[in-house]
Structure formats: C-alpha cells, structure tokens
Amino acid sequence: MRIPGRTERRVVAAILVTALIPLVASIVVARTVIARVSATAFQPEFGVHLDRALGVYAELAAAIKQGMRSEAEAIAAADPLRRSAFAGDAELLGAQLAHIIAAHPALVSLRVERCGGELVGARERGRPVDPAREKTLTVRKAIERAPGSASGPAPSEGPAPPAEPTRDDGDCEGDARTLVATFAAPSARFDELESAQAFAQAYRALEREHRKEYLDESYGDAFAALLGATIVLAVLAGVLVARPVVDRIARLAAATRPVAEGDLSVRVALKGDDEVADLGRAFDRMLEELEGSRARIEFLKRMGEWQKMARHLAHEIKNPLTPIQLAVEECHRRYAGSDPAYQRLLQTTLEVVEEEIGTLRRLVGEFSNFARLPQAELEPADLAEFLREQGERFAAVEEAGREHASDEALLGRVDLEFDVPAAPMPAALDREMLRRALGNIVRNAAQALRDAQRAAPGAAARPGALWGRVRVSARSEGQSHLIAIDDDGPGIDPAVRDSVFDPYVTTRYDGTGLGLSIVKKIVVDHGGTIDVLDSPLGGARFVIRLPRAGTPAARAAQRAEGEGGPRSTSPRAAGGPGAPAALGREAFSDGDHEDAR
C-alpha cells in the first residue's frame, strides 16, 4: 500500500479533527442527559399503567373478533338465507347474499359452500382488501335447512317454526351448507396493540436489569465503539477524498516533464467535474493547440522551402526551353534534302521535342503557381451558403461536361452531390482560396474515378457513361465545421497517407504532387486541418475541419493573416526581382489538382 503523501496526511488530519470535536461534545452531553433521564425513567407506576393499557387493547381486539363471529352466526341463522341456500336457485342466493353484504358494512365477502368445499354462491363488497389499512377475519358457520325447503322454496302456511340453532362448520354430512363470512376491520387498533405489547416487553426487560450497571457499561461501550469507528471512518474518508485529487495532480505534474522536453503528444485526460479536472482539460487543450501550432508552423516552413525549390526549378527549366525548341525548328526548316527517311526523322524529332517542351512548360507553370501561392485573406462568411454556391457552380460545369461527353470534361462524368445543412455555419473564409481547394479535391476524385474506370479489366466504357460518385457534405461539430468529400473510387493507399500532402508526392505518371499540398496550405491558412480517411462509399474521404467564427482557433488564424504570417508568396518575392504584380492571386490557376492517387 502506498504511503500517504503530505497533502493526504493534512486532509486526513483535518477531517479527523472535524469529526472528533462534535463527537466528544456529544458524548459528554449524552452521558449527562442519560443519567438524568434514567433517574426518572423507571417508575413502578409506569409498569402498572402499561399493563392496564395492554388489557384494554386486548379486550377491544377480542370484542371486535367476537362481534364478527356473532354477526356471522346471526346471518347464518336468518330464514331467508337458509331457504335460498337450499333452494337450488343460484340467482336467488346471489341476490340474498348481495342484500346481506349491503346490510353489513364490515363484510368483505360471503360464500355458501356444500360439504367438501363446493361453491354454491358468493358475493363480495366490490373493492379489495387494503392490507395496509385493514385486517380480515374469516368465520365459518353451518347453515341449517329451513322447514319446507327440501325441494325448493314453498309457500309458507302460517307462522314459521322457530329456527334451529346454528352450529360451527365441522364435519358436514349429506347436503349440508356452510356460510363462509370474511370481515374487515381497521388495522390501526391491532397495530397499536402489537406496538404496545412490544413497548411493554422492552420496558420490563430494562426494568429487570440493573439500571446503573446497564447505563454505565452499555452506553460506555457504545460510546467507545462509536469513537473508534469515527476515527477509522475519518481516516478512510480522508484517504478516499484526498487520494483521487493527489493522484490526478501527480499525473498532471508527471505530464509536464515530457512536455518540457518537447513532447506535445502527452495527454492527462483527467475525468471529473471539479477544479482539478478542469485544470487537466485546460492542460490538454493547451497541448493540442501548441501541437497544432507547431505542426502548422513546421508545415508552413516546409512549404516555404518547397516553394523556393519550385521557383528555382521553374527558373532552371524554363530558360533553356525556348532555345531548344528554336534550334530543333531551325534544323527542320533548313533541311532541303530529298531523303524521305531523314525528312521523317526530322519531323518526328520536331514533334517529340514540341510535345515534351509543352509538358515541361506545363510543369513550369505548375511550379510557378505553387511558388506564388498567396496568403489567405479571411473575412466573415457563411460556410453553408458558400458550399451551396459551389454546388450550383459545379452543377453547371457538370451539365456542360455531360453535353461534351469527353474524358477532359471531368465533372460531367461523375455523379456529384452536395449535402449542406440549411442552418448558418459562420466562419472566417477566403472564398476564392477555399473554392480552389474544394475544386482541387473534387477534380482529384473525378480523376481517380476516371483512371480506375480505364484500368478496369475489359473497361470499354460507353461514351458519356458515369465513372462514379462524389459526395460533398458538411456539418457543425463542437467548435468546428466539418467538410467531407467522399468518392467510391479506389481510395488512397494507406502507405502514402502520411505523406500525401507533401509536395511532389504522387503516383500518377503525369502528376506533380502539388495539388494536395496547395489544398493543405489553404486549409492551414484558415486555421483548420485536413485528413484523409476511408470513405463509407468505398473510396477516399477528405475531411476538412475549419474553426467556427469567434473561436480561439479562428481568432488565431485571423491574427496570423493580419500579421502577414510566414509569407514567401508575395507577387514580387515569388517571381523574383521584377516579377509583375499580375503574378499574385490571379496566377493561381485551377490546374493545380494533381494528387497522390
């Protein structure tokens, strides 16, 4: 067992002192009161009056029971009941029993039985017995046959002879009848009798003992046991109260050591609703924010380095392209010979060079766009309204693409749907940048569906046939808004998910791997995060989490945007000295949608 620490010992001592002070005072007062009460409690007159009271209660109970028996005997001796009991007419007997119950309020039920318990007729008062308020007594009385009732009722001729006396039901013979009457009486009187008997017995037991010895020894032992139990319980209560608090504080203190060494992934996850739990949750939130800020800074730093490299590559690749193309064109133009084989060779060389130079120019353009990626300019907006507008825009593009029915019209070959709530979703947005990020992901999904369709065995797709399904949904969760882009394509290999947002990571033969890097840069500038998961549709799911307007994350993103952030994307800085101003936000084209799929 762990030895209690200083805080635990102090809490235990405080609880122990708090418990002992009123206990000792109560013991002193109680002994004084008991001594005075015991001097007057045991008087001989008390026992005499108790015995008299018990006699009165016992006589009252006996009188009630005897009255019920007499009432049952009178009912059994009445001529109407005697005649109807042997008449063999169940309806007549039932009416007579109902009349009797109405005339005797104490009756609960009446039954007429034959010998052996066979029921002849019965009636009840109409409401059940309440065990909490009533006690019942069942009386059985034999019913003697009335004169002239041997085979049913007969008209009386003169006055009836006196009724034979009734008898209790014992061994019945032949066609005898028995009345079973159940009476109910208020249970309060009987309960008072039982409580009075118990009180009298307890009083007599106390009176028989030696009062002095009983009071001194019994109560002294009781007080000693109470004092010992109080001490034990106070110590246990102190330990039980202090130990959870101390353990959670110790966990919190232990978590600060790896944090001091730079590990921000530590979480204490304290449970409860007290101040210590609040402190633990605040500590975890602080670490999450620090970890997110550090990841954001590291990502933006890496992006800055990649942008520098992209500018350098664009510059190095772009410069020799024009001389190469001009040299090949000049060779092709100046050849005046008549050798058809050499002529074809020159023509083929020119076509190859022009095609490859076109590819290189496209790569140079993408590198330049990536290097000139602007900083987001956040403004208050409704994310739900923005997504509905994008849904209408994509729908128009999709309809136009279906009319052309070509592989180049990507959005016309997918089933694109938007699921956006009607309630407002306030956020700080750069509508243009976020539109491009959303377009990149949607086009990536369409490209993945197209490539999967082409790679499928025997996939001679019909012209205009849909490649698959893409769904954009949004919802609010806590202090964030979530945008999920799902598709039913091949998905993303788990092996590349950790690096899918890094620049130049791609598995496409014609991709540069810059599209998702640009998407993540835009999301980070908005103070959000983006993750890639498995989609419930079967393909890939991109989840963008943006902070609600007014939350700490949203305010931090706006502050970073207001302070300029880690920029390396101004028009002139991106393009080098003398770069025109037109190479800013306007140069960020829609063609940067290559990903790692």
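Is arginine 114 buried, partly exposed or exposed, and what is its relative accessibility? In this predicted model, arginine 114 has a relative accessibility of 29% and therefore counts as partly exposed, a result that belongs to the first of the views described below.

**View 1. The salt bridge between glutamate 118 and arginine 114.** Glutamate 118 and arginine 114 form a salt bridge in which the closest N and O atoms are 3.2 Å apart. Arginine 114 is partly exposed, at 29% relative accessibility, and glutamate 118, at 47%, likewise counts as partly exposed. A search of the whole structure finds 20 salt bridges, of which this view shows one and the next view shows others.

**View 2. Aspartate 486 and its salt bridges with arginine 471 and arginine 541.** With arginine 471, aspartate 486 forms a salt bridge whose closest N and O atoms are 4.0 Å apart. This pair links distant parts of the chain, since aspartate 486 belongs to strand β10 and arginine 471 to strand β9 (residues 468–477), with their positions 15 residues apart in the numbering. Both aspartate 486 and arginine 471 are buried. Aspartate 486 also forms a salt bridge with arginine 541, and here the closest N and O atoms are 2.6 Å apart. Arginine 541 lies in strand β12, so that this second pair links parts of the chain that are 55 residues apart. Arginine 541 is buried, as is aspartate 486.

**View 3. A salt-bridge network of Arg111, Glu113 and Arg140.** Salt bridges with shared partners join Arg111, Glu113 and Arg140 into one network.**View 4. The edge-to-face pair of tyrosine 335 and tyrosine 342.** The rings of tyrosine 335 and tyrosine 342 form an edge-to-face aromatic pair, with 4.7 Å from centre to centre and 65° between the planes. Tyrosine 335 counts as partly exposed at 24% relative accessibility, and tyrosine 342, with a relative accessible area of 38%, is partly exposed as well. The count of aromatic pairs in the structure comes to three.

**View 5. The edge-to-face pair of phenylalanine 501 and phenylalanine 542.** The ring centres of phenylalanine 501 and phenylalanine 542 are 6.3 Å apart and the planes stand at 80°, so this pair is edge-to-face. Because phenylalanine 501 lies in the loop between β10 (480–487) and α11 while phenylalanine 542 lies in strand β12, the pair ties together parts that are 41 residues apart in sequence. Phenylalanine 501 and phenylalanine 542 are both buried.

**View 6. The charged end of arginine 393 over the ring of phenylalanine 394.** In this view, the charged end of arginine 393 sits over the ring of phenylalanine 394, at 5.7 Å from the centre of that ring.

**View 7. The largest pocket and its lining.** The largest pocket holds about 1,300 Å³ of space. It is lined by 37 residues, and the closest of these to the pocket centre are Glu288, Gly292, Gly527, Gly528 and Thr529. Two or more lining residues are given by each of α7 (275–334), α11 (515–525), β11 (529–534), β12 (540–547) and α12 (552–562). The largest share of the lining, 12 residues, comes from α7. By residue class, the lining of the largest pocket divides into 14 nonpolar, nine polar and 14 charged residues.

Definitions and conventions. Residues are numbered from 1 along each chain as its sequence is written. This is a predicted model: local features need pLDDT of at least 70, side-chain atom pairs count only at pLDDT 80 or more; totals for chains, interfaces and linings use all residues. Side-chain values use heavy atoms; hydrogens and water are left out. On a 1 Å grid over the protein atoms alone, a cavity is a set of points where a 1.4 Å probe fits but cannot get out, and a pocket is an open set with protein on both sides within 12 Å along at least five of seven lines; lining residues have an atom within 4 Å of a point. Grid points are joined across faces, edges and corners, and a volume is the space filled by probe spheres set on the points. Helices (H or I, at least four residues) and strands (E, at least two) are DSSP runs, numbered from the N terminus. Ala, Val, Leu, Ile, Met, Phe, Trp, Tyr, Cys and Pro count as nonpolar, Asp, Glu, Lys and Arg as charged, and the others, Gly among them, as polar. Rings of Phe, Tyr and Trp (its six-membered ring) pair if their centres lie within 6.5 Å; planes under 30 degrees apart count as stacked, over 60 as edge-to-face and the rest as tilted. Buried means under 20% relative accessible area, exposed over 50%, partly exposed in between (1.4 Å probe, protein chains only). A charge sits over a ring if NZ of Lys or CZ of Arg is within 6 Å of the ring centre and within 35 degrees of the ring normal. A salt bridge is a side-chain nitrogen of Lys or Arg within 4 Å of a carboxyl oxygen of Asp or Glu.
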